[in-house]
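Here are some notes to read with the model open beside you. Take the points one by one, and find each residue on screen as you go.

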Amino acid sequence: IDEELTTHLCPQPTILRNHLENLMLQLARAHAALPGEEPLERRLAAAVRTMEISFAQRPSLAMLAAQAGLSVSRFSKSYKALFKVSPMEQLIRLRLDYARHLLAVTQDPVSAIAAESGFSELPHFSKLFRSRFGLSPRAFRLGRKTGA
């Protein structure tokens, strides 16, 4: 929570809320009897919150599955069945949405935004951004400046 408030020009209320929810969930789990007793939907929701909080740190599928108390394959299948998108596709969407936000509100270089959003390669980021939003990151930023 402190990092979100102190290191970002425009802290994201959703990320802060998710940090708090995740903290509360972890406290509740610390007092639960056994990790696998929660309904599947609640365990998957905990993984969703983790993804929303730490998407830029590139959480692994194995880490998310372990948090939900499931094998990687069961986690992936259950996640896709419930949310109609794979966990990795959701992580990419979160990263791209965050990058779009940063492009709109900062003047940071596109390469820095890509890195802050969790992308290690600029060409890969640009390709995914163009695929999702129909414009390159640079064209998106220029369009925001001109009001197009």
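1. Start with R58, which sits in the loop between α3 and α4 (61–68). Helices here are DSSP runs of H or I with at least four residues, strands are runs of E with at least two, and both are numbered from the N terminus. The phi angle of R58 is near 60 degrees, a positive value in a residue other than glycine. R58 counts as partly exposed because its relative accessibility is 45%. On this scale, buried means under 20% relative accessible area, exposed means over 50%, and partly exposed is in between, using a 1.4 Å probe and protein chains only.

2. A word on what you are looking at: this is a predicted model, in which local features need pLDDT of at least 70, side-chain atom pairs count only at pLDDT 80 or more, and totals for chains, interfaces and linings use all residues. Residues are numbered from 1 along each chain as its sequence is written, and side-chain values use heavy atoms, with hydrogens and water left out.

3. Now zoom out to the whole chain. How many helices and strands are there in the chain? The chain has nine helices and zero strands, so please don't hunt for a sheet. Of its 148 residues, 36% are buried. Take the contacts between residues at least 6 apart in sequence: 57% of them join residues at least 24 apart. Contact here means heavy atoms within 4.5 Å.

4. Next, visit the loop between α5 and α6, where you will find K84. The phi angle of K84 is near 65 degrees, again a positive value in a residue other than glycine. K84 counts as exposed, with a relative accessibility of 66%. S86 is also found in the loop between α5 and α6, but S86 counts as buried, at 18% relative accessibility. Not counting residues up to four places away in sequence, S86 touches Y79 and K80.

5. Helix α3 (residues 40–54) is home to T50. Is T50 buried or exposed? T50 is buried, with a relative accessible area of 8%. Leaving aside neighbours within four places in sequence, T50 is in contact with N22, F55, M63, L64 and Q67.

6. A45 is found in helix α3 too. At 24% relative accessibility, A45 counts as partly exposed. Try tracing from A45 to A68: they are 23 residues apart along the chain, and their C-alpha atoms are separated by 8.5 Å.

7. Stay with α3 and look at how it packs with helix α5 (residues 72–83): the angle is about 90 degrees and the axes are 11 Å apart. Axes are lines fitted to C-alpha atoms, for helices over the stretch in contact, and angles run from 0 to 180 degrees between N-to-C directions. The two helices, α3 and α5, are therefore roughly perpendicular to each other; that label covers 65 to 115 degrees. On the α3 side the contact uses L40, E41, L44, A47, V48 and M51, and these meet R74, F75, S78, Y79, L82 and F83 in α5. By class, the contact of α3 with α5 has nine nonpolar, one polar and two charged residues. Ala, Val, Leu, Ile, Met, Phe, Trp, Tyr, Cys and Pro count as nonpolar, Asp, Glu, Lys and Arg as charged, and the others, Gly among them, as polar.

8. Which way do helix α6 (residues 87–105) and helix α8 (residues 122–133) cross? Their axes come within 10 Å and cross at roughly 90 degrees, so α6 and α8 are roughly perpendicular to each other. From α6, the contact is made by I92, R93, L96, D97, A99, R100 and L103, and from α8 by F125, L128, F129, R132 and F133. These residues of the contact of α6 with α8 divide into eight nonpolar, no polar and four charged.

9. To finish, look at the residues Q12, T14, I15, N18, E52, F55, L94, D97, Y98 and H101, which line the second largest pocket. The largest share of that lining, four residues, comes from α6. The lining divides into four nonpolar, four polar and two charged residues. A pocket is an open set of points on a 1 Å grid over the protein atoms alone, where a 1.4 Å probe fits, with protein on both sides within 12 Å along at least five of seven lines; lining residues have an atom within 4 Å of a point.

Key. Angles under 35 degrees count as roughly parallel, over 145 as roughly antiparallel, 65 to 115 as roughly perpendicular and the rest as oblique.
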